[in-house]
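Trainee: Hey, I've just opened this one and I'm new to it. Can you walk me through it?

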Amino acid sequence: MEVKICGLTRVEQAVAIARMGVTAVGIICVPSSPRYVAPAQQQELNHALADYPVWRVGVFAQSPIPEVIEIARTSGFNALQLHGEESPADCQYVREALPQVFLIKAMRVRDAGSLAAIAAYAPWVDRILLDAYDPQHLGGTGLAWDWQMLADQTPSLRWWLAGGVTPENCGAAVAQTQPDGIDVSSGVEVAPGVKDLPRVEQLLQRIQGH
Ligand SMILES: O=C(O)c1ccccc1N[C@@H]1O[C@H](COP(=O)(O)O)[C@@H](O)[C@H]1O
């Protein structure tokens, strides 16, 4: 089971979580987020994590794609997550500009149509991430979506479950939805951007074996 812990802002916490053996850590590059990390700190986090076998994911939403590409290069991300309304053509553009970068497209699930849209991204991305839709916020809401929707259609490429995943519900979430990975932010926090390291360890223990 792949695990991404998202919304890291502090170098010491990012290194501690990388040492726990997670697959990916997320750094929020969305200025409106309470977990936003400015470019200088993005570079510091990437530098501190460079020795660990972990995807260092820059999370963007609604930014112009050339800007995303420029920041990915200057900040040193080896993975990107597009969490807004980016199109398959946007993902193709990123893939062709940065072929070595691991690319995740987040879909905010509103209805069956959200799941039907996944197939068009398959040629261009490495993972699809399914998060809850909230009209006010782009992500990091702690809200779960209706996993029952997967009963009718399952994603055609490797995918991660996001949205309201916690150490308490991760076992049931994984058993019900059978994702390739999970992505967790507010469920392991004491405050936005400040992680609760014992809760991250608890989550990893509970997910072991899945
Ligand atoms: O965390 C944020 O502030 C954020 C802002 C803008 C886009 C995405 C964001 N986070 C993503 O939200 C999901 C789920 O978060 P949670 O576990 O429900 O709190 C996760 O994919 C983060 O990458």
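Trainee: Okay, what stands opposite Ile-5 in S2?

Mentor: Val-25 does. Keep in mind that we're looking at a predicted model here.

Trainee: How many bridges join S1 to strand S2, and do they run parallel or antiparallel?

Mentor: Three bridges, and the two strands run parallel. S2 covers residues 24-28. To get there from S1, the chain passes through helix H1, residues 11-19, and that β-α-β crossover is right-handed.

Trainee: And what does Ile-5 stand opposite in S8?

Mentor: In S8 the residue opposite Ile-5 is Val-184. Strand S1, residues 2-6, is joined to S8 by four bridges, and that pair is parallel. Val-3 is part of this as well, with Ile-182 as its bridge partner in S8.

Trainee: Is S1 mostly covered or mostly open?

Mentor: Mostly covered, with four of its five residues buried.

Trainee: What does Ile-5 touch, leaving out residues up to four places away in sequence?

Mentor: Quite a list: Ile-17, Val-22, Val-25, Gly-26, Val-184, Val-188, Lys-195 and Val-200. Val-25 and Val-184 should sound familiar, as Ile-5 stands opposite Val-25 in S2 and opposite Val-184 in S8.

Trainee: Which residues touch the most other members of the largest nonpolar core?

Mentor: Ile-5 is one of them, along with Val-25, Val-57 and Leu-80. That core has 58 residues. Its largest share comes from strand S5, residues 102-109, which puts in five residues.

Trainee: Back to S8. Which way do its residues point?

Mentor: Gly-181 and Asp-183 point one way, while Ile-182 and Val-184 point the other. In a regular strand, side chains alternate between the two faces of the sheet.

Trainee: Are those S8 residues buried or exposed?

Mentor: Buried, all of them.

Trainee: What about S7, how many bridges join it to S8?

Mentor: Three, and those strands run parallel. S7 spans residues 159-162. Leu-161 has Ile-182 as its bridge partner in S8, and Ile-182 is also the partner of Val-3.

Trainee: Which helix makes a β-α-β unit with S7 and S8?

Mentor: Helix H6, residues 170-177, and the unit is right-handed.

Trainee: Switching topic: where is Gln-178, and what is odd about its phi?

Mentor: Gln-178 sits in the loop between H6 and S8. Its phi is positive, about 55°, although Gln-178 is not a glycine. Most residues other than glycine have a negative phi.

Trainee: Why does Gln-178 count as exposed?

Mentor: Because there are 12 other C-beta atoms within 10 Å, and a residue is called exposed at 12 or fewer.

Trainee: What is the phi of Gln-62?

Mentor: Near 65°, so to speak another positive value in a residue other than glycine. Gln-62 is in the loop between strand S3 (55-60) and helix H3 (65-75). Gln-62 is exposed, with 12 other C-beta atoms within 10 Å.

Trainee: And Ala-120, where does that lie?

Mentor: In the loop between helix H5 (112-116) and strand S6 (127-132). With 13 other C-beta atoms within 10 Å, Ala-120 is partly exposed. Ala-120 and Leu-143 are 23 residues apart in sequence, and their C-alpha atoms are 26 Å apart in space.

Trainee: Now the other end of the chain. Where is Arg-206 placed, and what does it touch?

Mentor: Arg-206 is in helix H7, residues 197-207. Leaving out residues up to four places away in sequence, Arg-206 touches Pro-167, Cys-170 and Gly-171. Arg-206 counts as partly exposed because it has 16 C-beta neighbours inside 10 Å. From Arg-206 to Ala-40, the C-alpha separation is 35 Å, and they are 166 residues apart along the chain.

Trainee: What feature does UniProt place at residues 3-205?

Mentor: The record, an unreviewed entry, gives "domain: N-(5'phosphoribosyl) anthranilate isomerase (PRAI)". That span is 31% helix and 23% strand, and its end C-alpha atoms lie 12 Å apart.

Trainee: Last one: what is the mean pLDDT of the protein chain?

Mentor: It's 96, and 100% of the residues reach 70 or more. The model also scores ipTM 0.98 and pTM 0.96.

Methods: Residues are numbered from 1 along each chain as its sequence is written. This is a predicted model: local features need pLDDT of at least 70, side-chain atom pairs count only at pLDDT 80 or more; totals for chains, interfaces and linings use all residues. A nonpolar core is a set of buried Ala, Val, Leu, Ile, Met, Phe, Trp, Tyr and Cys residues joined through C-beta atoms within 7 Å. A residue is buried if 20 or more other C-beta atoms lie within 10 Å of its own, exposed if 12 or fewer, and partly exposed in between; C-beta atoms are placed from the backbone. Two residues are in contact if their C-beta atoms, placed from the backbone, lie within 7 Å. Two strands pair if DSSP finds at least two bridges between them. A crossover is right-handed if, with the strands pointing away from the viewer, the path from the first strand over the helix to the second runs clockwise. UniProt positions are given in the numbering used here, feature names are shortened, and annotations may be inferred rather than shown by experiment. pLDDT is the predictor's confidence in each residue, from 0 to 100.
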